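Q: Please give a close look at a single part of this structure, and at the open spaces in the protein. A formal account for a newcomer would be welcome.

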Amino acid sequence: MITIHHLNDSRSQRILWLLEELGLDYEIVGYERDATTRLAPPELNAIHPLGKSPVLTDGDLLIHESGAITEYLIRQYGNGKLAPAMDTAEFVNYQEWMHYAEGSAMLPLLLRLYTARLGDAAEPLMPRIDSETINHFSFMNDQMAGKDFFVGSELTGADIMMSFPLEAAKARGALDLLPNLKSFVDRMQARPAYLSALKKGGSYSYGPTVN
């Protein structure tokens, strides 16, 4: 049985979505953030030394890191779905976006999150953070012009990986002037598998409300 250790309002929500897209049976072990600190509970340290989510187990195999989990599930259970063929140029583009999601796309968001706690002390950093935010989000918006997906004409793991930084940005109003990215998030959040994952995963501040 596949088990996903899932923390609310975290990257693990997109792994639930991926599992739903693949139609796999899985078990959720849920964890709640501390209401004051917003940190993960110490119980997650018993699963992995970093105390982070997602962590996936499949038999004796334990995997952390969203990108590694996504690649494993698609390779192991995708049967040709959710990734381009490896001998194509699209696969290179797919790998770029898979890594970009947790690298360049997340960096300005994390910098803004942490410096917001510094008050006036963050002021010297803000011009650079603003510059990098505009640089990366304008790039992503331009890349999505006239496209439904980041790679090719069908959903791939790259879209699932890219969903989290873009959902987090949208929740803060950062996509209001980036219509291609806003439309992408809206399309992904309307997918039946996404909505099914949302019902199973519990509270998720970055997604739509589901009954």
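A: The account below takes one helix and then turns to the pockets.

The model is a predicted one, in which local features need pLDDT of at least 70 and side-chain atom pairs count only at pLDDT 80 or more, while totals for chains, interfaces and linings use all residues. Residues are numbered from 1 along each chain as its sequence is written, and side-chain values use heavy atoms, with hydrogens and water left out.

Helix α5 spans residues 126-143; helices are DSSP runs of H or I with at least four residues, numbered from the N terminus. Its 18 residues reach 25 Å from the first C-alpha to the last, close to the 26 Å expected at 1.5 Å a residue, where the expected span is 1.5 Å times one less than the number of residues.

The buried residues of α5 are Ile129, Thr133, His136, Phe137, Met140 and Asn141. They lie on the same side of α5 because they cover an arc of only 135 degrees around the axis, the arc being that of the directions from the helix axis to the C-beta atoms. The face turned away from this buried side carries the exposed residues Pro127, Arg128, Ile134 and Asp142. Here buried means under 20% relative accessible area and exposed over 50%, with partly exposed in between (1.4 Å probe, protein chains only). What covers the buried residues of α5 includes α3 (89-102), α4 (106-115), α6 (157-171) and α7 (179-189).

Helix α5 also has a part in the largest pocket, whose volume is about 1100 Å³. A pocket is an open set of points on a 1 Å grid over the protein atoms alone, where a 1.4 Å probe fits, with protein on both sides within 12 Å along at least five of seven lines; lining residues have an atom within 4 Å of a point. The volume is the space filled by probe spheres set on the points, which are joined across faces, edges and corners. Of the 38 lining residues, Arg11, Met106, Leu110, Leu113 and Tyr114 are the closest to the centre of this pocket. The elements that give two or more residues to its lining are α4, α5 and α6, and the largest share, 6 residues, comes from α4.

The second largest pocket has a volume of about 230 Å³. Among the residues that line the second largest pocket are Glu71, Ile74, Phe91 and Tyr94. Two or more of its lining residues come from each of α2 (66-77) and α3, and α2 gives the most, with 3 residues.

How values were computed
Contact means heavy atoms within 4.5 Å.
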